[in-house]
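I opened the notebook to go through one protein model and write down what I looked up. Short entries follow.

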Amino acid sequence: IDPKSEVLYPLITTMNAPSSTASNVNNDMFDTPLAPLNNSHKFFLANIDFQTTAPQLKSYFAQFGNVNHVKLIPHHSDGGDSIGGGKQAQKHKGYGFLFMMDHESALAVESYVNAFPNNKIEMMGRRDVLVKRHDEQRRSNVGRGNDGGVD
């Protein structure tokens with residue numbers, strides 16, 4: 001592996017994974033990456049239906065090419081520890097990340113969503129789902145902080 005590449009290993013998956021007692025819930029929010037995660041193939045997804053699972057999203061985006069990984073951001077219960085707790089299903093916050101396997105697959109997703117106003121598509125019965133390259137998301141936040149100027 002080239003040490004200069006922007007490859008992320010799936011550590012976040014193992015770090016955030018609940019104990020084995022809740023492994024069936026865990027599978028609905030993220031899957032196991034098929035390869036190291038590459039930020040240049042990463043998309044931010046928002047306004048996802050709360051009932052949608054990572055395997056469903058992976059299946060949907062497979063029409064554009066090879067999907068490496070989907071991760072939905074979990075919604076932690078208010079104050080309670082969901083690790084090893086009851087059998088209540090853990091829900092996600094309605095946003096997450098999509099990693100396509102290769103450049104061609106990422107370009108296919110990008111070409112599709114760019115045809116829609118503001119990159120908001122209708123997906124799996126949900127309108128206005130935002131699909132945007134993750135690096136574009138970070139660039140759009142540059143300069144929004146306190147720049148020390150006069151109010």
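**Entry 1: a charged pair inside.** I began with Glu-110, and asked whether it is buried or exposed. Glu-110 has a relative accessible area of 17%. The cut-off for buried is under 20%, so Glu-110 counts as buried. I note that this is a predicted model.

Next I looked for a partner. Glu-110 forms a salt bridge with Arg-133. Their closest N and O atoms are 3.2 Å apart. Where do the two residues lie? Arg-133 lies in strand β7, and Glu-110 lies in helix α4. The pair therefore ties together parts that are 23 residues apart in sequence. I checked Arg-133 for burial too. Its relative accessibility is 9%, so Arg-133 is buried.

**Entry 2: the other salt bridge.** How many salt bridges does the structure hold? I found two. Side chains of opposite charge can pair when their charged atoms come close. Besides the pair above, the side chains of Arg-126 and Asp-49 meet, at 3.8 Å from N to O. This pair links distant parts of the chain, 77 residues apart. Arg-126 sits in strand β7. Asp-49 sits in the loop between β3 and α3.

I looked up accessibility here as well. Arg-126 has a relative accessible area of 24%, so I logged Arg-126 as partly exposed. Asp-49 comes to 26%, and Asp-49 is also partly exposed.

**Entry 3: the sheet.** I then traced the strands. In what order do they run across the sheet? The order is β4-β5-β3-β7-β6. These five strands form an open sheet with antiparallel pairing. The edges are β4 (67-75) and β6 (120-123), and each pairs on one side only. I also looked up the twist. On average, neighbouring strands are turned by 30° against each other, direction ignored.

I picked one strand pair for a closer look. Strand β3 covers residues 42-46, and strand β5 covers residues 91-100. They run antiparallel and are joined by five bridges. Lys-42 stands opposite Phe-99 in β5.

**Entry 4: helices on the sheet.** Helix α4 spans residues 103-114 and packs on the sheet. The strands α4 touches are β3, β5, β6 and β7. The direction of α4 makes about 130° with that of β7.

Helix α3 spans residues 54-61. It lies across β3, β4, β5, β6 and β7 (126-133). Its angle to β4 is about 145°.

Which residues of α3 are buried? I listed Ala-54, Leu-57, Lys-58, Tyr-60 and Phe-61. Why do they count as one side of α3? They cover an arc of only 160° around the axis, so they are on the same side. I added a textbook reminder. An α-helix has 3.6 residues a turn, so residues three or four places apart point the same way.

**Entry 5: unusual backbone angles.** Most residues other than glycine have a negative phi. I looked for exceptions. Asn-118 is not a glycine, yet its phi is positive, at about 55°. Asn-118 is in the loop between α4 and β6. Its relative accessibility is 66%, so Asn-118 is exposed.

Asp-128 has a positive phi as well, of about 60°, although it is not a glycine. I found Asp-128 in strand β7. At 47% relative accessibility, Asp-128 counts as partly exposed.

How values were computed: Residues are numbered from 1 along each chain as its sequence is written. This is a predicted model: local features need pLDDT of at least 70, side-chain atom pairs count only at pLDDT 80 or more; totals for chains, interfaces and linings use all residues. Side-chain values use heavy atoms; hydrogens and water are left out. Two strands pair if DSSP finds at least two bridges between them. Helices (H or I, at least four residues) and strands (E, at least two) are DSSP runs, numbered from the N terminus. Axes are lines fitted to C-alpha atoms, for helices over the stretch in contact, and angles run from 0 to 180 degrees between N-to-C directions. Contact means heavy atoms within 4.5 Å. Buried means under 20% relative accessible area, exposed over 50%, partly exposed in between (1.4 Å probe, protein chains only). The arc is that of the directions from the helix axis to the C-beta atoms. A salt bridge is a side-chain nitrogen of Lys or Arg within 4 Å of a carboxyl oxygen of Asp or Glu.
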